[in-house]
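Reader: Hey, got a minute to walk me through this one? Drop it in here and I'll fire off questions.

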Amino acid sequence: MVSRFSSHLWLSLWAFVVFLGYAQAADEVKTKLGNATIDRTVQLRTHSIFAPYIDQDLQNRWWDFGADAYINTNKYIRLTRNKPSEMGWLWSRLPLTASNWVVEVEFKVSGESSHLFGDGMVIWLAKDRAKPGPVMGSVDNFNGLGVFLDTYANTRHPYAFPRIYAILGNGQTSYNHDSDGEEQQLGACSANYRRTNVATKLKITYVKDTFLDVKVQYKAWDDWSDCFFVEGISLPSSPYLGFSAQTGDVSDNHDIIAISTYSAITKSLSKDSQSSSKSRVSVPGISSSSWSGFFFKLFLLIGVCVGGYYGWNEYKRRTARGGFGGGGYQRVLVGMEDLEGFIRIRRGSEVGAVGE
Ligand SMILES: [Ca+2]
């Protein structure tokens, strides 16, 4: 009996210590970018999507798709097929309200041709959603950020295509299709992300009013290449997350495989860490500071110890009476002894009462 109870206690304590260790390890996964550190990330299911993409009603609670886009539940959301003059889109239903975020997209641009292909796709963080148009399948004069995966050079450039570039639209400026938006770009890089042997991914990290960072995986698994980093940038607040693609005379399959979006909790490395700590993203149910996290764990530990102490005392009390953990039969016997004692007392008092 002793060994069974104490083994339960030790098992609980051991599980708790393992949990503490795990939580601590999770806290220590930090990403340093510029003068800020991404302390922790919390995945947002409202802005993430994976296979099979749709529920029983052939819909997705958090996303809409349209035009030529269709879903192969095992493989992808195909924005365009490898056919001329197609366009398709995928948009989040809710705006992204986190101030700081990370969007990681696994995508695939493929087609048989090795020399004639296009036009490309765009990852949007924009104020308008689900409006088809001429900018890679989405509306022009957009207000927000477009990260272009442009595979077709509409004019001559000193750099190679496929190309990744970002344009921040103010809601009035028209995208210059003929120049591939060259004079409008915030940052860019060339990367051959088409017809690769590894999964191709794009990771966009934004810290409000601080920086925008774009990395791409196309050489090897978990081998992230820096595309560009822009400091002191401000994006419109609460944008929708969208994806659109377009083909023209030339074409390609433009697929979204998976989207993972995270709210990012940052810690500034500069001296004004006091002010930056105030602007941390608060996530419901999750403490935003490591201190409150520490106290939460401490209280849990105290709770476990106090619970264990009372459990141990109760165990000792019951062992002394010979009743703990002996199964139902013994407990019933104890109950009957109590009952007998009770009856005796009652009888005594009754006798006394009668005697009066
Ligand atoms: Ca182009």
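Author: Sure, here's a quick tour, starting with the overall make-up and then going inside. Keep in mind that this is a predicted model.

Reader: Cool. How many helices and strands in the protein?

Author: The protein has four helices and 17 strands. Of its 356 residues, 31% count as buried.

Reader: And what share of the contacts join residues at least 24 apart?

Author: That's 66%, taken among contacts between residues at least 6 apart in sequence.

Reader: Now the inside. Which residues touch the most other members of the largest nonpolar core?

Author: L79, L90, V147, I164 and I256, out of 63 residues in that core.

Reader: What is I164 in contact with, leaving aside its neighbours within four places in sequence?

Author: V147, F148, L149, A188, C189, A191, V214, V216 and C227. So V147 is on the contact list of I164, and V147 also belongs to the core.

Reader: Switching topic: why is strand β8 largely enclosed?

Author: Because seven of the seven residues in β8, which covers residues 120-126, are buried. Both faces are covered: G120, V122, W124 and A126 lie on one side, with M121, I123 and L125 on the other.

Reader: Which strands does β8 pair with, then?

Author: One is β10, residues 143-150, antiparallel over seven bridges. Another is β16, residues 240-246, also antiparallel and joined to β8 by seven bridges.

Reader: Who's the bridge partner of I123 in β10?

Author: V147, one of those core residues again. On the β16 side, G120 stands opposite Q246.

Notes
Residues numbered from 1 in each chain as written. Predicted model: local features only at pLDDT ≥ 70, side-chain atom pairs only at ≥ 80, totals over all residues. Core = buried A, V, L, I, M, F, W, Y, C linked by C-beta atoms within 7 Å. Buried ≥ 20, exposed ≤ 12 C-beta atoms within 10 Å, placed from the backbone. Contact = placed C-beta atoms within 7 Å. Helix = DSSP H or I, 4+ residues; strand = E, 2+ residues; numbered from the N terminus. Pairing = 2+ DSSP bridges.
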